[in-house]
Amino acid sequence: MPPARLRLNDGHMIPQLGLGIWQVPAGSTRDTVASALQMGYRLVDGAAIYGNEAGQGEGVRASGLPRDDVFVTTKVWNDDQGYDATLRAVEASLKRLEMESLELCLIHWPTPSRNLYVDTWRALIRLREDGRVRSIGVSNFMGDHLERIIGETGTVPVLNQIEVNPRLQQAELRDLHDRLGIVTQSWTPLGQGRSFDAAPVRAAAARTGKTAAQVILRWHVQLGVAVIPRSSRTAGLAENLDILDFALTAEEMIAFAALEEGSRCGPDPMRFG
Ligand SMILES: NC(=O)c1ccc[n+]([C@@H]2O[C@H](COP(=O)([O-])OP(=O)(O)OC[C@H]3O[C@@H](n4cnc5c(N)ncnc54)[C@H](OP(=O)(O)O)[C@@H]3O)[C@@H](O)[C@H]2O)c1
């Protein structure tokens, strides 16, 4: 069964489950991406800073799938913020990917201390108008950053990719996204395994015959968010895709909610960069 798709506020669709390729070595990215796509993934989440865009593009071509069947994301790194620098950075990403256009480009971090994210956003709007990028969004934006780019440009990002896992559930920001029509996409969705041994996770895994990782990914899907787990193992890729044939109960979802502790695996977006 292919992953479900969510509707973006610009009318395009995004696969709810995709592959993340942070820390996938450049030398093995092509094969990881190709094998994930061949087993059923349809979205590959990359970024200029991951240093593996060439492999990302090669993997899409090596999969044998029509280009239109694959959703490709990249991100503008912090050093490339600003209007002209962003135009150049996205052209460089497209060149490394060897693609004419891509489905989604995100501002990787707001880096508020630089105060360039509005100009960066204006550049992404231009790239969308020019057909280089089909949809545009952000990553690691807090409510204030979202409200500022929307207020100053009138353009609402289609998506905000943020850290979400059972220990950092981001209920408030997800609620704001819902009100603004922005899809939430969860990064580090497995939360470095910190809740694999938690009682509600173990209980749901035991009831369903699934692994801890699978019930956590299923929790993301049932929250209605998009999710991009990474695995360098073929078995891990297959395991993370195999989450569509079962459901967590309402009681299990409530028990997962109690795992919230507000602790991040990654940096604080207000300070990073
Ligand atoms: N926008 C941002 O700032 C940002 C930040 C971080 C990440 N991201 C994106 O989000 C993606 C996912 O985040 P992530 O890579 O940090 O973490 P993740 O997907 O939550 O976890 C990856 C780790 O979990 C292990 N793993 C994967 N599947 C597993 C399974 N079924 N059972 C047990 N362990 C499993 C992997 O090891 P194995 O490889 O051995 O399976 C790897 O060590 C990234 O690849 C990237 O695309 C974005």
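This report describes the ligand site and the main sheet of a predicted model.

**Ligand site**

The ligand occupies the largest pocket of the protein. Around the ligand stand 26 residues, and those that come nearest are Asp45, Ser139, Arg230, Ser231 and Ser232. By residue class, the shell around the ligand is made up of 11 nonpolar, 10 polar and five charged residues.

Three polar contacts to the ligand are listed below.

| Residue | Protein atom | Ligand atom | Distance |
|---|---|---|---|
| Ile21 | polar backbone atom | oxygen | 3.3 Å |
| Gln161 | polar side-chain atom | nitrogen | 2.8 Å |
| Pro189 | backbone N or O atom | oxygen | 3.2 Å |

On its own, the ligand has 890 Å² of accessible area, and the protein covers 83% of this. Gln161 contributes a side-chain atom to its contact, whereas Ile21 uses a backbone atom, as does Pro189.

**Sheet**

The model has an open sheet of eight strands, paired in parallel, and their order is S3-S4-S5-S6-S7-S8-S9-S10. Strands S3 (19-20) and S10 (226-227) each have a single partner strand, so one side of each has no neighbour in the sheet. The partner of S3 is S4 (residues 43-45), and two parallel bridges join this pair. In one of the bridges, Leu19 is matched with Val44 of S4.

**Where the two parts meet**

Strand S4 spans residues 43-45, and Asp45 is one of the residues that come nearest to the ligand. Strand S3 covers 19-20, and the backbone of Ile21 supplies a polar atom 3.3 Å from a ligand oxygen.

How values were computed: Residues numbered from 1 in each chain as written. Predicted model: local features only at pLDDT ≥ 70, side-chain atom pairs only at ≥ 80, totals over all residues. Heavy atoms only, no water. Near = heavy atom within 4 Å. Polar contact = N/O pair within 3.5 Å; in protein donor to acceptor, adjacent residues only side chain to side chain. Areas by Shrake-Rupley, 256 points an atom, 1.4 Å probe, with all protein chains shown as cover. 1 Å grid on protein atoms, 1.4 Å probe; cavity = no way out; pocket = protein on both sides within 12 Å on 5 of 7 lines; lining within 4 Å. Sits in = over half its atoms within 2 Å of the grid points. Nonpolar A, V, L, I, M, F, W, Y, C, P; charged D, E, K, R; others polar. Pairing = 2+ DSSP bridges. Helix = DSSP H or I, 4+ residues; strand = E, 2+ residues; numbered from the N terminus.
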